[in-house]
Amino acid sequence: MTSYVFAYGSLLNPESLARTVPNARLSAVAGARLVDFVRTFDVAFPNDGSQRDKAYFDDRGRRPPTVLFANVVPSSDGHAANGVLVPLGPGDLSLLVDRERRYEVVDVTESISLLDPSASAPTSVCTFVGRERFTRADDVGHGVLSREYLEAIASGVQHWGRAFPGFVNDFRSSTQLPRRIPVRNLVRVNAPTR
């Protein structure tokens, strides 16, 4: 039985996906929608040094206090966030869990609708949803978005738009961009690995 992860943010970008899950097979990826969910940018990464895995700096070397990342949240108005189903091999989920530290793994199998209605429904799909402590409205309101991060997502959306007709428009209609949130050029610095 193959299990899948529903990718809806930076993992839409094939390069980002390959860095995290080196054995991911792009040829086996399927387009999908997460029914009754909308994509937001409300995972607030505390960029104050309390998170030891990475930090973000602007072009003047300053650390914005909070950097925002994509999330999917329930929606009661008929939205369905689009994305792709990536098959997971042995050990792949643990690689994703290590990367997505501000998120929790959620089983969304029952909420998945395939873009190709003739394809077989997957038996097990998970996705990553922002943890409550990282989605507080006050923190989100003081956040900034990384231009590089947004461009990586946009590049991934364009990539899958070539494979799945309507993917780009679906992305736009199922995404709520934060209002009045500045977009900045940020450099990510990873903590040294041991």
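This is a short walk through the aromatic pairs, the charged contacts and two backbone oddities in this structure.

Okay, so before anything else: what you have up there is a predicted model. Keep that in mind as we go.

Let's begin with the rings. How many aromatic pairs does the count come to? Eight. I'll pick out two of them.

One is Phe41 with Tyr149. Their ring centres are 6.5 Å apart and the planes stand at 90°, so we call this pair edge-to-face. If you want the reasoning, anything over 60 degrees between the planes goes into that class. What I like here is where the partners come from. Phe41 sits in strand 3, residues 37-46, while Tyr149 belongs to helix 4, residues 147-163. That puts the two 108 residues apart, and the pair links distant parts of the chain. Are these two residues buried or exposed? Buried, both Phe41 and Tyr149.

The other pair is Trp160 with Phe164. Here the centres are 5.8 Å apart and the planes make an angle of 15°, so this one is stacked. The cut-off for that is under 30 degrees. Trp160 has a relative accessible area of 4%, so it is buried. For Phe164 the value is 16%, and that residue is buried as well. The line for buried is drawn at under 20%.

Now go back to Phe41 and Tyr149, because they are part of a cluster: ring pairs link them with Phe45, Tyr56 and Phe69. Two of those cluster members also have a charge sitting over them. Which residue does it come from? Lys54: its charged end is over the ring of Phe45, 5.3 Å from the centre. The charged end of Lys54 also sits over the ring of Phe69, this time 5.1 Å from the centre. So if you're rotating the model, find Lys54 and look at the rings of Phe45 and Phe69.

On to opposite charges. Searching the whole structure turns up six salt bridges. Let me go through three of them.

Asp58 pairs with Arg62, and their closest N and O atoms are 3.1 Å apart. The acid, Asp58, is buried at 13% relative accessible area. Arg62 comes out at 46%, which makes it partly exposed.

Next, Arg101 and Asp98, with 2.9 Å between the closest N and O atoms. Arg101 is partly exposed at 39%, and Asp98 is partly exposed too, at 47%.

Then there's Arg99 with Glu100, where the closest N and O atoms are 2.8 Å apart. Arg99 counts as partly exposed at 23%, whereas Glu100 is buried at 12%. The boundary between those two classes is 20%, so that's why the two partners get separate labels.

Last topic, the backbone. Which residue in the loop between strand 2 and strand 3 should you look at? Asp36. Asp36 isn't a glycine, yet its phi is positive, about 65°. Strand 2, by the way, covers 30-35. Asp36 is partly exposed, with 40% relative accessibility.

Arg180 is another non-glycine with a positive phi, about 60°. Where is Arg180? In the loop between helix 5, residues 167-173, and strand 11, residues 183-184. At 83% relative accessibility, Arg180 is exposed.

That's my tour. Happy to go back to any of these on the screen.

Notes. Residues numbered from 1 in each chain as written. Predicted model: local features only at pLDDT ≥ 70, side-chain atom pairs only at ≥ 80, totals over all residues. Heavy atoms only, no water. Phe/Tyr/Trp six-rings, centres within 6.5 Å; stacked < 30°, edge-to-face > 60°. Helix = DSSP H or I, 4+ residues; strand = E, 2+ residues; numbered from the N terminus. Buried < 20%, exposed > 50% of the residue type's maximum accessible area, 1.4 Å probe, protein only. Lys NZ or Arg CZ within 6 Å of the ring centre and 35° of its normal. Salt bridge = Lys/Arg side-chain N within 4 Å of Asp/Glu carboxyl O.
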